[in-house]
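Q: I would like a close look at one part of this model, followed outward into the parts around it. Please keep to what the atoms show.

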Amino acid sequence: MPPVIINLKTIPNMELPFAESWRIKMIEPIRKSTREEREQWLREADYNVFQLKAEQVYIDLLTDSGTGAMSDRQWSAMMVGDESYAGAKSFFHMKDMISSLTGFGYVVPTHQGRAAENVLFSALVKEGDIVPGNSHFDTTKGHIESRHAFAVDCTIDEARDTALEHPFKGSVDIAKLEAVLEKDAARVPFIIVTVTNNTAGGQPVSMENLRQVRRLADRYGKRVVFDSARFAENAYFIKTREEGYAGHTIKEIVREMFSLADAMTMSAKKDGLVNMGGFIATRHQDWFEGAKRFVIPFEGYLTYGGMNGRDMEALAVGLDENTEFDNLETRIHQVQYLAARLDEFGIPYQRPAGGHAIFIDASKVLTKVPKEEFPAQTLTVELYREAGIRGCEIGYILADRDPVTRENRFGGLDLMRLAIPRRTYTDNHMDVIAVALKNVYDRRESITRGVKIIWEAPLMRHFTVKLAPACD
Ligand code: F0G
């Protein structure tokens, strides 16, 4: 059938199309490369995109962490940063913003999210403990396991089926959580809920689910920590998907979310809209006292904890801006725009599109590549080879080896994450990404071999692993 061409001129009172809620004041040139150059750079990087130089990348989707663009308000706030060692004005600006958004009165700054985990968990987690949650992020899990404690994943099963549409695929399975508490409550120092759930695909957790976790925690006398790296995106999904929240502002929703928690760890590099920074916030003095003991030796004095005064100023403004609907709508719209382009080409990804990224289901794309040859890593290499676009494997290489058997862990999903930095690329870049991926998708049947490991570190191997084409 020929395409139907609608004559737009005949439609009265057309709805205005969507556009960004900001305009661009400063730009950073990026450079394309040739396929020959990329082949050479891949070899030099041992087929691990972490080892590429950033200037060898055209569109960088490695992470949305610390890679966003700050606003004019944030840059101007940096000029009034107070760099006093103790009691800086900038700390109090940041603290007041955090307290007004979350209701938490105690704030401990840290240099980034994993440092917040390190400080808080040093006070709370001991050998043999069990910390249940929803797909703990790697650093969160690392900080639990390095203390010889256990991270138990209680994410809903729906998250494992990438084709399934579910509005809150990041949620906690209350029955699984209850089973852990029922059996081992004495060993549980707290429950951790990651909003949004990064590992499951940037998928949100509903307010109802947060409420259920709270009720269960109360029944067992347990406290709840939110890993809040993408809390604002989570609030956006509550507003747009959960019954009863359409009329609420993002700030009201954020306040209600945190009313259901006892504390938060924060990587400010995501929803704080800054390039570096983090914090712990809590309503409990005993947890604050515990964190105080460790922040000073690990991070720095209580009113800077590894952050510059100017960065705390920028964070205060970033938190304010990113809890406004227009900013979040622009951001999530772009991720959904990319998803819609991939739908046109039938490319499988974790559905629905997440808040910060699209997670391509590599096992459904490179069906000929055996799992022992790492399909998601192979797809990551192919996308870079195609167009200089850097994604990130969230799959079998990242999963590391079983600590006891030393076998590769092939039990989870094998995904390639395309993380979209905030306020950085335009929808034209999204078109380039979609078409590049389509080109790889079109030749997927011809890709039958993946990569093999030449060298790997014993833990967190994905950063430094050396790979080679499996057929060599
Ligand atoms: N929690 C979540 C949910 C995260 O996604 C991250 C980082 C952290 C904690 C740790 O924060 O990087 O500031 O130390 N995620 C980045 C990513 C690295 O690419 O997803 P950090």
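Which residues does Arg-214 touch, not counting residues up to four places away in sequence?

A: In this predicted model, Arg-214 touches Lys-222, Arg-223, Val-224, Leu-260, Ala-261 and Asp-262, once residues up to four places away in sequence are set aside. Arg-214 itself belongs to helix 7, and its relative accessible area of 12% falls under the 20% limit, so the residue counts as buried. As a reference for distance along the fold, the C-alpha atom of Arg-214 is separated by 30 Å from that of Ala-163, although the two residues are 51 apart along the chain.

One of the residues that Arg-214 touches, Arg-223, leads on to a charged pair, since the side chains of Asp-286 and Arg-223 meet in a salt bridge with an N to O distance of 3.1 Å. Arg-223 sits in the loop between helix 7 and strand 6 (224–227), whereas Asp-286 is part of helix 10 (residues 285–298), so this salt bridge ties together parts that are 63 residues apart in sequence. Both partners are partly exposed: Asp-286 has a relative accessible area of 45%, and Arg-223 has a relative accessibility of 23%.

Helix 7 takes part in another such link through Arg-211, whose side chain meets that of Glu-256 in a salt bridge of 3.2 Å, N to O. Here the pair joins distant parts of the chain, with Glu-256 in helix 9 (residues 250–259) and Arg-211 in helix 7 (residues 207–219), 45 residues apart. Glu-256 is partly exposed at 24% relative accessibility, and Arg-211 is likewise partly exposed, with a relative accessible area of 24%.

These pairs can be set against the whole structure, in which a search finds 44 salt bridges. A further example is the pair formed by Arg-73 and Glu-321, whose side chains meet at 3.8 Å, N to O. That pair links helix 2 (residues 72–78), which holds Arg-73, with helix 11 (residues 309–321), which holds Glu-321, across 248 residues. The two ends of this salt bridge fall into separate accessibility classes, for Arg-73 is partly exposed with a relative accessible area of 41%, while Glu-321 counts as buried at 12% relative accessibility.

Glu-321 also brings helix 11 into view. That helix has 13 residues and reaches 19 Å from its first C-alpha to its last, close to the 18 Å expected at 1.5 Å a residue. Helix 11 is mostly covered, with 11 of its 13 residues buried, among them Asp-311, Met-312, Leu-315, Val-317 and Glu-321. Its buried residues pack against helix 2, helix 3 (89–102), helix 8 (231–241), strand 8 (278–282) and helix 12 (325–345).

Not every charged side chain has a partner of this kind, and Arg-147 offers a contrast. Arg-147 is buried yet has no salt bridge, and Glu-117, the nearest side chain of opposite charge, is 8.0 Å away. Arg-147 is placed in the loop between helix 5 (138–145) and strand 4 (150–153). Leaving out residues up to four places away in sequence, Arg-147 touches Asn-118, Phe-121, Ser-122, Val-125, Lys-126 and Glu-127.

Charged residues also appear where helices pack. The axes of helix 1 (residues 35–44) and helix 14 (residues 375–387) come within 7 Å and cross at roughly 145°. On the side of helix 1 the contact is made by Arg-35, Arg-38, Glu-39, Trp-41 and Leu-42, and on the side of helix 14 by Val-381, Tyr-384, Arg-385, Glu-386 and Ala-387. Sorted by class, this contact has five nonpolar, no polar and five charged residues. Salt bridges that share partners join Arg-35, Glu-39, Glu-382, Arg-385, Glu-386 and Arg-443 into one network.

Helix 14 is largely enclosed by the rest of the structure, because 13 of its 13 residues are buried. Gly-388, which follows helix 14, has a positive phi, near 75°. In the loop between helix 13 (362–365) and helix 14 lies Phe-374, which counts as buried at 2% relative accessibility. Beyond residues up to four places away in sequence, Phe-374 touches Tyr-396, Ile-397, Asn-408, Phe-410, Asp-414, Val-451, Ile-453 and Arg-461. The C-alpha atoms of Phe-374 and Ile-397 are separated by 7.1 Å, with the two residues 23 apart along the chain.

Conventions: Residues numbered from 1 in each chain as written. Predicted model: local features only at pLDDT ≥ 70, side-chain atom pairs only at ≥ 80, totals over all residues. Heavy atoms only, no water. Helix = DSSP H or I, 4+ residues; strand = E, 2+ residues; numbered from the N terminus. Buried < 20%, exposed > 50% of the residue type's maximum accessible area, 1.4 Å probe, protein only. Lys, Arg positive; Asp, Glu negative; His and termini not counted. Salt bridge = Lys/Arg side-chain N within 4 Å of Asp/Glu carboxyl O. Contact = heavy atoms within 4.5 Å. Axes fitted to C-alpha atoms, helices over the stretch in contact; angles between N-to-C directions. Nonpolar A, V, L, I, M, F, W, Y, C, P; charged D, E, K, R; others polar. Expected span 1.5 Å × (residues − 1).
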